[in-house]
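Visitor: I would like to go through this protein step by step. Could you show it to me?

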Amino acid sequence: MKAIALTETTSISNLELIDRPVPEPNSNEVLVKLFASSLNYRDLLIAIGGYGSRQKKRDLIPLSDGSGEIVSVGSSVKKFKVGDRVLASFFQSWISGELTEELLDDDLGRSSDGVLTQYRCFKQEGLVKIPNYLSFIEAASLPCAALTAWSGIIELGCIKPGQTVLIQGTGGVSLFAMQFALMAGASVIVTSSSDKKIEILRKMGVKKTINYSKHPEWGMKVLEITDGMGVDHVMEVGGAGTLKQSIRSVKPGGVISIIGVLDGAKSNLLIPLIGSRKIRLQGVTVGSVENLLNMVKAMENHKIKPIIDKVYKLNESKDAYEYLKSGKHFGKICISHDL
Ligand SMILES: NC(=O)c1ccc[n+]([C@@H]2O[C@H](COP(=O)([O-])OP(=O)(O)OC[C@H]3O[C@@H](n4cnc5c(N)ncnc54)[C@H](OP(=O)(O)O)[C@@H]3O)[C@@H](O)[C@H]2O)c1
């Protein structure tokens, strides 16, 4: 079988097409023929050494998000059969309940080999069936970005009809967050650095948008749009560079989902503004297999389709990473596992 290996986690140039034997499942595992995968910003960070000392495995098959079809099952597998279409959970051992340090350290494509390969064995507990209305490419876009958005908006955010959610940018997590907020009956304000992307949002029916490059103090714009009220919830993917504006944007008693570090990881928090205005900072870490299952069911009920920007082939994986790095994408970047 063909796979892509990241021979050292220091640069995208270390991505190499390799040959490996097809693995054999043990009794509790299934062998999946993987047809598709998708990239997340995290995969770029891993490839360039951005995880520092948290990156213990330095020679690995990258990517967490993959989908495919089961081609053989171990002797004690009850949950799946040959022919089932499945997607892999980001955390393979976090089945339900609260996260622990140990569970946090069983993520695909960082602590263990990931899914940028034509075959991989998985524990049966780490997989979820793909609903018929989704293609393999679409399903491969879900495990990290969509589930993070789902956790922020639905599981932890408990967004209600009539509330307003601020979405930062038009990357993978953000566009899923926009879709889930709308599904929950909330209205959204979406920021972007690009007028071209804002035009696409407008065509999709998003009326409230802000170009954050043209308006670096965009928190003021959010207050203008919301008649001085502020929003109920912010999906914070920027980090250090955006948190100040998020704090300005959110209403007293509102929530900021702390998700990403696209604009820096170290911040000088405005502590008085957080405390006196009763703002809740809610950390989000993808989600469990149970959360993934709930999300997939809800998506099926509402026939929510992932927004896919571009699909590369396996041997074009480096180009896919470069495209992610460019920030030109709108939604998800995927890889089809043909050559
Ligand atoms: N905590 C978790 O469990 C978790 C899970 C998934 C991802 N993350 C983190 O969440 C972040 C987003 O991940 P992703 O995979 O969705 O990334 P992505 O698809 O690469 O998103 C890139 C987009 O983010 C927007 N962006 C960049 N800088 C921004 C800024 N300063 N303000 C507002 N928007 C900005 C840009 O949109 P425009 O071009 O429209 O400006 C850019 O195109 C990353 O930091 C990632 O590590 C965390």
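Visitor: Which residue follows H10, and what is the sign of its phi?

Guide: This is a predicted model, where local features need pLDDT of at least 70, side-chain atom pairs count only at pLDDT 80 or more, and totals for chains, interfaces and linings use all residues. Residues are numbered from 1 along each chain as its sequence is written. Helices here are DSSP runs (H or I, at least four residues) and strands likewise (E, at least two), numbered from the N terminus. After H10 comes Lys-303, and its phi, near 50°, is positive.

Visitor: How far does H10 reach from its first C-alpha to its last?

Guide: H10 covers residues 289-302, which is 14 residues. The expected span is 1.5 Å times one less than the number of residues. For H10 that is 20 Å, and the reach is close to it, at 20 Å.

Visitor: Why are the buried residues of H10 said to be on the same side?

Guide: A residue is buried if 20 or more other C-beta atoms lie within 10 Å of its own, exposed if 12 or fewer, and partly exposed in between, with C-beta atoms placed from the backbone. In H10 the buried ones are Val-289, Asn-291, Leu-292, Met-295, Val-296 and Met-299. The arc is taken from the directions from the helix axis to the C-beta atoms. They are on the same side of H10 because they cover an arc of only 150°.

Visitor: Which exposed residues does the face of H10 turned away from its buried side carry?

Guide: That face of H10 carries Lys-297 and Asn-301.
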